[in-house]
Amino acid sequence: MTSDNPKPWEEGTPVPLYVITGGEGTSAKAFDLVTLIATRAEPEPSMQPEQASILTMCAYPLSVAEVSAYLSLPFSVVTVLLSQLVDDERVEAIAPVPVAAFPDRGLLEAVIHGLRRL
Amino acid sequence: MDYGDSDTLRAGPRVPDLLLPHGARGVKVVVVGGFGVGKTTMVGAVSEIQPLTTEERMTQAGVGIDHNPGVSGKNTTTVAMDFGRISINEELILYLFGTPGQERFWFLWNGIFEGALGAVVLVDTRRIEVCFEVITRLEDRRVPFVVAVNTFPEAPQYPLPELRTALALSDSVPLVTCDARDRASCRDALLSLMVYLCTLAAQETA
């Protein structure tokens with residue numbers, strides 16, 4: 001998802017994460033709030049704690065929004081962490097159902113069916 | 001700063017909140033409305049998980065300009081959003097996002113509406129004027145929406161046709177009443193959005 005991003009991470013700029021949030025060249029565009037993240041590798045001791053936490057919590061898939069909520073980190077900071085994990089093939093990012101100008105009728109009917117069972 | 005304490009960091013979903021099937025995909029609906037109109041209540045009423053909060057830092061004019069390490073720019077605003085989740089079936093997870101109270105920030109976070117199925121505009125009849133800007137912005141962005149009037153017991157009750165006129169809603173946009181505390185009522189508001197989307201899709205293919 002992120003491999004075509006020209007500047008996924010600027011090496012050698014040890015700035016706090018919250019600065020990266022407002023900076024340019026983050027990978028935020030590659031992730032939607034409801035992109036699902038599924039772990040594909042075990043956490044390693046050498047990893048950043050936040051990234052290790054992501055691998056642990058996404059053993060069952062979770063949306064980027066949920067990861068952001070559980071880590072108490074802003075969405076765009078989480079997408080930077082996730083970009084690295086995707087590049088390293090430690091997580092898989094499952095894109096949301098594409099919604100065109102008018103969503104697919106089958107999709108809508110599935111949602112209607114599901115809501116009626118609530 | 002942005003780091004939670006170690007307890008927060010280790011925390012993940014509670015076990016009952018874990019069980020999303022592998023192979024599922026996400027889709028989202030946005031609930032918009034003024035401060036205190038009941039967006040989070042609505043999200044919580046239909047969600048299968050306790051509503052969670054995600055946030056984003058919004059820089060208004062200073063995007064890409066402020067590079068002062070250690071100082072978050074004065075143009076930065078944190079926008080928090082509550083959300084919940086409904087597993088529709090094994091392949092489809094519906095996320096419901098309640099946008100924040102300060103309406104001028106809703107539309108800065110492009111990712112909120114991008115790719116959303118549509119929106120529910122929640123209205124408090126005591127503060128109808130809050131919705132005008134929202135409705136205009138949704139129309140500008142071509143985000144399909146329905147309007148749900150949250151029936152606060154203490155709020156004045158108006159006939160729906162009067163409200164439609166007051167909101168300057170076109171006849172085609174569904175206008176429903178809804179009790180944001182009630183699961184079935186919120187479900188019905190969401191259903192009215194889905195049925196409306198079906199109608200729009202049918203018109204498009206006709």
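At roughly what angle do the axes of helix 2 (residues 49–57) and helix 4 (residues 75–87) of chain A cross?

1. In this predicted model, the axes of helix 2 and helix 4 of chain A come within 10 Å and cross at roughly 70°. Since angles of 65 to 115 degrees count as roughly perpendicular, helix 2 of chain A is therefore roughly perpendicular to helix 4 of chain A. The crossing by which helix 2 of chain A passes helix 4 of chain A is right-handed.

2. The residues that make this contact are A:Glu50, A:Gln51 and A:Ile54 on the side of helix 2 of chain A, and A:Leu81, A:Leu82 and A:Leu85 on the side of helix 4 of chain A. Sorted by class, the contact of the two helices comprises four nonpolar residues, one polar residue and one charged residue.

3. Chain A also contains an open sheet of three strands, in the order 2-1-3 and with antiparallel pairing. Strand 2 (62–63) and strand 3 (91–94) of chain A are its edge strands, each of them pairing on one side only. Strand 1 (residues 36–39) of chain A runs antiparallel to strand 3 of chain A and is joined to it by four bridges; within strand 3 of chain A, the residue opposite A:Ala38 is A:Glu92.

4. Helix 4 of chain A, already met in the helix contact, also lies across strand 1 and strand 3 of chain A, and its direction runs at about 115° to strand 3 of chain A.

5. Turning to chain B, one finds eight helices and seven strands. Of its 206 residues, 39% count as buried. Among the contacts in chain B with a separation of 6 or more, 73% are accounted for by residues 24 or more positions apart.

6. An open sheet of seven strands in chain B follows the order 2-3-4-1-5-6-7, and its pairing is mixed. Strand 2 and strand 7 (175–178) of chain B stand at the edges with a single partner strand each, so that one side of each has no neighbour in the sheet. Direction ignored, neighbouring strands of this sheet are turned against each other by 30° on average.

7. Helix 3 (residues 39–46) of chain B packs on this sheet, where it touches strand 1 (25–33), strand 3, strand 4 and strand 5 (118–123) of chain B, and its direction makes about 25° with that of strand 3 of chain B.

8. Which strand of chain B pairs with strand 2 (residues 52–59) over eight bridges? The partner is strand 3 (residues 76–89) of chain B, and the two pair in the antiparallel sense; in this pairing, B:Met58 has B:Thr77 of strand 3 as its bridge partner.

9. Strand 3 of chain B also runs antiparallel to strand 4 (residues 92–98) of chain B, to which seven bridges join it. A hairpin of two residues connects strand 3 of chain B with strand 4 of chain B. Among the bridge partners in strand 4 of chain B, B:Tyr95 is that of B:Arg85, while B:Gly98 is that of B:Asp82. As a general reminder when reading such pairings, side chains in a regular strand alternate between the two faces of the sheet.

Note on methods: Residues numbered from 1 in each chain as written. Chains lettered and ligands numbered in written order. Predicted model: local features only at pLDDT ≥ 70, side-chain atom pairs only at ≥ 80, totals over all residues. Pairing = 2+ DSSP bridges. Axes fitted to C-alpha atoms, helices over the stretch in contact; angles between N-to-C directions. Parallel < 35°, antiparallel > 145°, perpendicular 65-115°, else oblique. Left-handed = near helix turned anticlockwise from the far one by under 90°. Contact = placed C-beta atoms within 7 Å. Nonpolar A, V, L, I, M, F, W, Y, C, P; charged D, E, K, R; others polar. Buried ≥ 20, exposed ≤ 12 C-beta atoms within 10 Å, placed from the backbone.
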